[in-house]
Amino acid sequence: MPKSSSLRRWAGAAIAGATLMAGAVQAQAKPPECIAPAKPGGGYDLTCRLAANGLQDADLIDEPMMVSYMPGGIGAVAYNHVTGVRDDDPNLIVAASTGAALNLALAKFGQQHSADDVRWLGALGVDYGAVVVRADAPWQNLGELMAALEEEPSSVVIGAGGTVGSQDWMKAALMAKAADVDPRSLRYVAFEGGGEALAALLGEHIQVFTGDLAELKPQLDSGEVRILAALSEERMAGPYADIPTAKEQGFDVEWPIWRGYYMGPNVSDEAYQAWSDRLRELSETDSFATLREGRGLFPMARFGDDFDSYVKQQVEDFSQLAREVGLTQ
Amino acid sequence: MFDFLIDGFGVALTPLNLGLAFLGALLGTLFGALPGIGPINGIAILMPLAYTLGLPAESALILLAGIYTGSEYGGRMSSILLNVPGDAGAVMTTLDGHPLAKKGLAGPALGLSAVSSFIGATVAIIGLTLFAPLLAAVAVKFGPAEFFALMIFAFASMSAMMGKDPVKTLIGAVLGVLISTVGVDSGTGVLRFTFDMPELYDGIDFVVMIIGLFAVSEILLMLEHAFRHDAEGEMAPIGRVMVKLSEVLYCKWSILRSSVIGFVIGILPGTGASVASAVAYTTEKRLTDHDNSFGTGNMRGLAAPEAANNASAAGSFVPMLTLGIPGSGTTAILLGALMLYNINPGPMMFREQPVVVGGLIASLYIGNVVLLLLNLPLAGVFARVLQVPRWLLVPSVAILAFVGVYQLHSDLMAIYLMLVIGVFGYLLRKFGFSLAPVVLGFVLGGLMEENLRRALSISGGDVAILWQSALSVGLWIAAALVVLLPLAAGRLKAKLMEKAA
Amino acid sequence: MTLAADRILSLLLLGLAAFVAVQAWQLEVPFSYDPVGPKAFPLILSGLLAILAIVLFVRPGASGQWPTGALLLRLVFTMVLLGLYAALFVNLGFLITTALVSVVIAWLFGATPGKALLGGVLLAVGSYLLFTHALGISLPVGSWIEPLLGER
């Protein structure tokens, strides 16, 4: 092959490449983005998609929102990324939940990080903890279970989808505390996610599962499980109307699991305000209510500074709780 | 009682849904063929598209299920052609698939694996249709103690892979298990071997691990072969392209046995295609490998893991559809997709959403036929990847490795980690280690530790729980048999030989 | 150096086993619900590894052929190149880094400079189109380009 022809071809390719590159760059003029600090398929993924699909359906964003994944360090990798690298990106929100607040309280994101490092944007929904047993379990209400725990803490096998120090464990530990039992004397089994724990409950390997309320709807409908208590402030409506709260049974345990978002610390006030208004507007549309219910979430509407102070207060409460249940000094 | 399935075929055979099944199969094959971009990412990437297009629930599910099954087909391609597994279930496929390609039989290898995949998936889908609710009830009987016994059985099966260098096989497995201990301890939340790097808290990601071990080390080895101009790196010229019927028939029992093994293991929540293909491969090696040719390009050694990983993919739909519990990472994300459509998979789904369930199962049948028809004639085309000159092929492998890891993690640390693991993999291969025991140790070791500790937390420390159920006793006996029987058989054979002489 | 490689390996493995044991021993466990705890597995594994390493030291296998001189240099160069690829991937963007790395690798594998240039650029552009347009995967554009867009 003569050299000139291969050179000419190369030049042609280079021009083609340059044009394509310019085109691609224009096409990517910064669509809004939501980072799910986990692998695809988990709760954070769904939290991002809730915003992405909701905002798109309600025409609150011009371009579809991109969902990207940044697993690692139970969310710490994304937290580092947003506080360090993309700290002022006005088009970036990151999915978060009660779990992130708990991890911050336990310094699991590293000692150098606190809840003050990001701007908490708002929450679009909430689920509540639930105390679940099989339909054929001997305990008819929370009181009976607690009595059994009080008498002999190791007589009841409790399982859930998280390690010591996780949300699921905190629910169990708070229950133990309400029954005047040292959380360390429980029999607690940590599974990899709520699904495996639920399977273990159905297969009679564990007796009590400290899960999430809305997650359990299919099994509740089919009558396989009995929910002894919802860890919410008040009774929930609809299919959950018959489930008493722990509080009304005399045990002061609450565990809301909010699903929300944060932004980088140096995002401008305008951008922060615009996003918080956008989410507030979204939460008020009818189409979003359907979407939220489908995702198994109850309404929660806290945005902007209101949400920011809510999360920071929660982190402080959790630090206090962690000391009380013996997790930290 | 099969009304839902007849209705389902009615749904799946509409032109739109048929087209989506085809599109899903095609895209899935492509996603699976690219190392690192497996079914989970394929579905995550296309889920917003399905939603944006406003597809109804059953259509979206058909598209996504097509991607899932398609990528299980596609995952084998890079295993066979490049010795780089496309996803977790395709690791065992490299063992005999790549040697076949080296012999110039890439075409028949791809064809045979397509047929095995088809049979595996079909057996599993029939199982799913007939016994789903029944099987779900058995699957939950698998508690931590039974899983621990299953892992013991799986490790015992691995003894078949000891080969000529048992010490290095064992060292490889131990290293694999050690790597699985990195990260937050699932029982106590303690950080192990993370060295204050948050990127390591969640443990070493499987994709980063196999891409590093296989793809990066392969690049270095290819460079070595090219530099030395030695024959080891050379491929025999591509011979015939189509698989022969006699070759399929030669493997028929291996395929059927592996299909059943894959399906059963796929049903259990928490174990997936990687465990299924490993158990199928080692079982077949033990049963049929009389001349010790597994690992050198034995057709059965290729057919077994391929049938098993596709069967397990279909099997993992059982707990998802009947219990609402995902059996694998991929079904977890399908579950999420359903929830976006206000459908809660679970015990009531067969009754409340028969159209969705029927349409999904019907689309699995159709998708598999589509995939077989797509893959058989294309085997010859894909085999030509081997004719791509090295200087183009190697940068392509590098690009795929980088893009695969980057789009999964959006984080550079993961890429650096992949490179470090790549050097580690290269050194292991230079020292004469096989990578399969490392990967199996990694997959099985983590499950073994977690389940042992869960079982003991349930019993409060009493080890008797490990052999209290009939299921676990059965698995312990099976584990003992797979280790002892070959020894006994060997003795017997020697005695007979003596007598004959 | 017929027997040396495996012996060196066994010493490295012994070192690794010791490291693992020390690290595992130092884990601080607030409390554990199972009697095994997070320490036992790594400790058992390090013991196993140590025993196997000793067996390997006593009965080493053949050493195989190890890269030296120019080849070793090339292997190290390739790893450094891939490391640079990773380091520049986000800031310079996918297209430029991929083109550069592909050209160099192609050249390393014996392509003529012309072929390497053409192949590298085509690979970069082709894979970019495949990933972003056909498969919907987003790739880094390059932070140097972003100011040109006039945003941020």
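Here is a short tour, in numbered points, of a predicted model with chains A, B and C.

1. **Start with chain A as a whole.** Its C-alpha atoms fill a box of roughly 90 × 50 × 45 Å along the principal axes. If you trace the backbone, you will pass through 11 helices and 10 strands. Of the 329 residues in chain A, 53% count as buried. Contacts across long stretches of sequence are well represented: taking the contacts in chain A with a separation of 6 or more, 77% join residues 24 or more positions apart.

2. **Chain A in two domains.** The domain assignment gives domain 1 of chain A as two stretches, 33-126 and 256-324, and domain 2 of chain A as 128-249. Their C-alpha centres lie 27 Å apart. Where the two domains of chain A touch, 10 residues of domain 1 are in contact with 12 residues of domain 2. On the domain 1 side, helix 4 (98-105) and strand 9 (256-263) of chain A each supply at least two residues. The largest share of that side, three residues, belongs to helix 4 of chain A. By type, the domain 1 side holds six nonpolar residues, three polar ones and one charged.

3. **A buried loop residue in chain A.** A good place to pause is A:Ala38, which sits in the loop between strand 1 (33-36) and helix 2 (43-57) of chain A. Is A:Ala38 buried or exposed? A:Ala38 is buried because 22 other C-beta atoms lie within 10 Å, and the cut-off for a buried residue is 20 or more. Setting aside neighbours within four places in sequence, A:Ala38 is in contact with A:Tyr44, A:Asp45, A:Tyr69 and A:Pro71. For a sense of distance across the chain, the C-alpha atoms of A:Ala38 and A:Lys171 are separated by 22 Å, and these residues are 133 apart along the chain.

4. **Two aspartates with positive phi.** In chain A, look at A:Asp180, a residue other than glycine whose phi is positive, near 60 degrees. You will find A:Asp180 in the loop between helix 6 (167-178) and strand 6 (187-190) of chain A. A:Asp180 counts as exposed because it has 10 C-beta neighbours inside 10 Å. Chain B offers B:Asp196, another residue other than glycine with a positive phi near 60 degrees. B:Asp196 lies in the loop between strand 2 (191-192) and helix 9 (206-228) of chain B. With 9 C-beta neighbours inside 10 Å, B:Asp196 counts as exposed.

5. **Where chains A and B meet.** This contact brings 49 residues of chain B together with 50 residues of chain A. On the chain B side, the elements that give two or more residues are helix 3 (39-52), helix 15 (329-340), helix 18 (390-409) and helix 20 (435-459). The chain B side divides into 24 nonpolar residues, 18 polar and seven charged.

6. **The largest nonpolar core.** This core has 334 residues, and those with the most contacts inside it are B:Leu64, B:Val405 and B:Met418. Helix 6 of chain B (residues 106-139) gives the largest share of the core, 16 residues.

7. **A helix pair in chain B.** Helix 4 (residues 57-82) and helix 17 (residues 354-383) of chain B pack at an angle of about 35 degrees, with their axes 8 Å apart. Their crossing is right-handed. Among the residues that meet are B:Ala65, B:Gly66 and B:Gly70 in helix 4 of chain B, and B:Gly359, B:Ser363 and B:Gly367 in helix 17 of chain B. The residues of this contact comprise 12 nonpolar, eight polar and one charged.

8. **A buried histidine in chain B.** B:His98 is found in helix 5 (residues 93-102) of chain B. Why does B:His98 count as buried? The reason is that B:His98 has 23 C-beta neighbours inside 10 Å. Not counting residues up to four places away in sequence, B:His98 touches B:Ser79, B:Ile80 and B:Asn83. The C-alpha atoms of B:His98 and B:Leu302 are separated by 9.2 Å, with their positions 204 residues apart along the chain.

9. **Finish with chain C.** The domain assignment gives domain 1 of chain C as 4-58 and domain 2 of chain C as 69-134. The centres of these two domains, taken over C-alpha atoms, are separated by 39 Å.

Terms used. Residues are numbered from 1 along each chain as its sequence is written. This is a predicted model: local features need pLDDT of at least 70, side-chain atom pairs count only at pLDDT 80 or more; totals for chains, interfaces and linings use all residues. A nonpolar core is a set of buried Ala, Val, Leu, Ile, Met, Phe, Trp, Tyr and Cys residues joined through C-beta atoms within 7 Å. A residue is buried if 20 or more other C-beta atoms lie within 10 Å of its own, exposed if 12 or fewer, and partly exposed in between; C-beta atoms are placed from the backbone. Helices (H or I, at least four residues) and strands (E, at least two) are DSSP runs, numbered from the N terminus. Two residues are in contact if their C-beta atoms, placed from the backbone, lie within 7 Å. Domain bounds come from an automatic or database domain assignment. Ala, Val, Leu, Ile, Met, Phe, Trp, Tyr, Cys and Pro count as nonpolar, Asp, Glu, Lys and Arg as charged, and the others, Gly among them, as polar. Axes are lines fitted to C-alpha atoms, for helices over the stretch in contact, and angles run from 0 to 180 degrees between N-to-C directions. A crossing is left-handed if the near helix is turned anticlockwise from the far one by less than a right angle, and right-handed if clockwise.
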